[in-house]
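Visitor: I should like to learn how to read a protein model, feature by feature. Where may we begin?

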Amino acid sequence: MTDVGGAFAAAATLILNLESGLAEIVLLSLRISLVAVAVACIIGLPMGAALAVFRFPGRKVIVVVLNALMGLPPVVVGLIVYLALSRSGPFGTLGLLFTPAAMIIAQVFLITPIIAALTRQSTEDLWNEYSEHLRSIGSSPMQTVSTLLWDDRFSLITTVLAGFGRASAEVGAVMIVGGNIDHLTRVMTTSIALETSKGDLALALGLGIILLVLALSVNAAAFLVNEAAMKRHG
């Protein structure tokens, strides 16, 4: 019990003193996750809205695949990205393996299906409500998609936060493609796994506390956004 108590005390000291190694890991984690979420939103938001609006052959298959990809095992994504970026892979000449860019790519593959699928579900209800009006005013496909995304922005913020939560908690894929290299690709989740195995509980607990606070903050933000949206529509 004394060791555990000492580890918590040391972890609190690291956090309060903004220890440089801990701060570096946290900042790298946030940078990778935020960039990955931004790229995933650029792809996933319009894709989800387009699937809600347009009817074409194979649409149902795409919807089913997107829903299935929401539960895609991270280690599988990591393996696929690793093979693509390795020296013998099709993109090996880019030299991206074991870099933050490779970790961002892996996270984009994980987050995009989540954002696209949740966006489709959310905007489909709006499309059913506004379809006749948008058709009557001669709205173009691009205008229709942008209108639905804007009107559903409060719900979509929750979708984006869900993607960020998935990215920030990811360990399997980023470990494979990033290599957990100190001062280069070591993020919070991979550091926690490594430091726990080494017995350095203070750093592991410090990072774990920050990750837990981050997760709670994301969920609190999602809750507040939903409350604001309900009041707005109420």
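**A buried threonine and its surroundings**

Guide: Let us begin with one residue and its contacts. Leaving aside its neighbours within four places in sequence, T123 is in contact with G48, A49, A52, L148, L149 and D152. Please bear in mind that this is a predicted model.

Visitor: In which helix is T123 found, and is T123 buried or exposed?

Guide: T123 is found in helix α5. Its relative accessible area is 0%, and buried means under 20%, so T123 is buried.

Visitor: Which residues does T112 touch, apart from those up to four places away in sequence?

Guide: T112, which is also a residue of helix α5, touches A40, I43 and G44 when residues up to four places away are not counted. The relative accessibility of T112 is 10%, and therefore T112 counts as buried. One may also look at separation in space: the C-alpha atoms of T112 and L216 are separated by 22 Å, and these two residues are 104 apart along the chain.

Visitor: How should I describe the protein as a whole, beginning with how many helices and strands there are?

Guide: The protein has 10 helices and 0 strands. Its pattern, read along the sequence, is α-α-α-α-α-α-α-α-α-α. The C-alpha atoms fill a box of roughly 70 × 50 × 25 Å along the principal axes. Of the 234 residues, 42% are buried. As for contacts between residues at least 6 apart in sequence, 74% join residues at least 24 apart.

Visitor: How many cavities of 30 Å³ or more does the structure hold, and what is the volume of the largest cavity?

Guide: The structure holds 1 cavity of that kind, with a volume of about 70 Å³. Its lining consists of S29, I32, S33, M103, Q107, A167, S168, E170, V174, V187, M188 and T189. The elements that give two or more residues to this lining are α2 (20-53), α5 (100-136), α7 (153-168) and α9 (188-198).

Visitor: Which element gives the most to the lining of the largest cavity, and how do the lining residues divide into nonpolar, polar and charged?

Guide: Helix α2 gives the most, with 3 residues. By character, the lining of the largest cavity comprises 6 nonpolar residues, 5 polar residues and 1 charged residue.

Visitor: What does the sign of phi tell a reader about a residue?

Guide: Most residues other than glycine have a negative phi. A positive value in such a residue therefore deserves a note. In this structure, F98 has a positive phi of about 65° although it is not a glycine, and N180 has a positive phi of about 55°, again without being a glycine.

Visitor: Where do F98 and N180 lie?

Guide: F98 is placed in the loop between α4 (74-85) and α5, whereas N180 belongs to the loop between α8 (172-178) and α9. Their accessibility can be read in turn. F98 has a relative accessible area of 33% and is partly exposed. N180, at 9% relative accessibility, counts as buried.

Visitor: How is a pair of aromatic rings described, and how many aromatic pairs does the structure hold?

Guide: Such a pair is described by the distance of the centres and the angle of the planes. The structure holds 1 aromatic pair.

Visitor: Which residue lies over the face of W150?

Guide: R153 lies over the face of W150, at 4.0 Å from the ring centre.

How values were computed: Residues are numbered from 1 along each chain as its sequence is written. This is a predicted model: local features need pLDDT of at least 70, side-chain atom pairs count only at pLDDT 80 or more; totals for chains, interfaces and linings use all residues. Side-chain values use heavy atoms; hydrogens and water are left out. On a 1 Å grid over the protein atoms alone, a cavity is a set of points where a 1.4 Å probe fits but cannot get out, and a pocket is an open set with protein on both sides within 12 Å along at least five of seven lines; lining residues have an atom within 4 Å of a point. Grid points are joined across faces, edges and corners, and a volume is the space filled by probe spheres set on the points. Helices (H or I, at least four residues) and strands (E, at least two) are DSSP runs, numbered from the N terminus. Ala, Val, Leu, Ile, Met, Phe, Trp, Tyr, Cys and Pro count as nonpolar, Asp, Glu, Lys and Arg as charged, and the others, Gly among them, as polar. Buried means under 20% relative accessible area, exposed over 50%, partly exposed in between (1.4 Å probe, protein chains only). Contact means heavy atoms within 4.5 Å. Rings of Phe, Tyr and Trp (its six-membered ring) pair if their centres lie within 6.5 Å; planes under 30 degrees apart count as stacked, over 60 as edge-to-face and the rest as tilted. A charge sits over a ring if NZ of Lys or CZ of Arg is within 6 Å of the ring centre and within 35 degrees of the ring normal.
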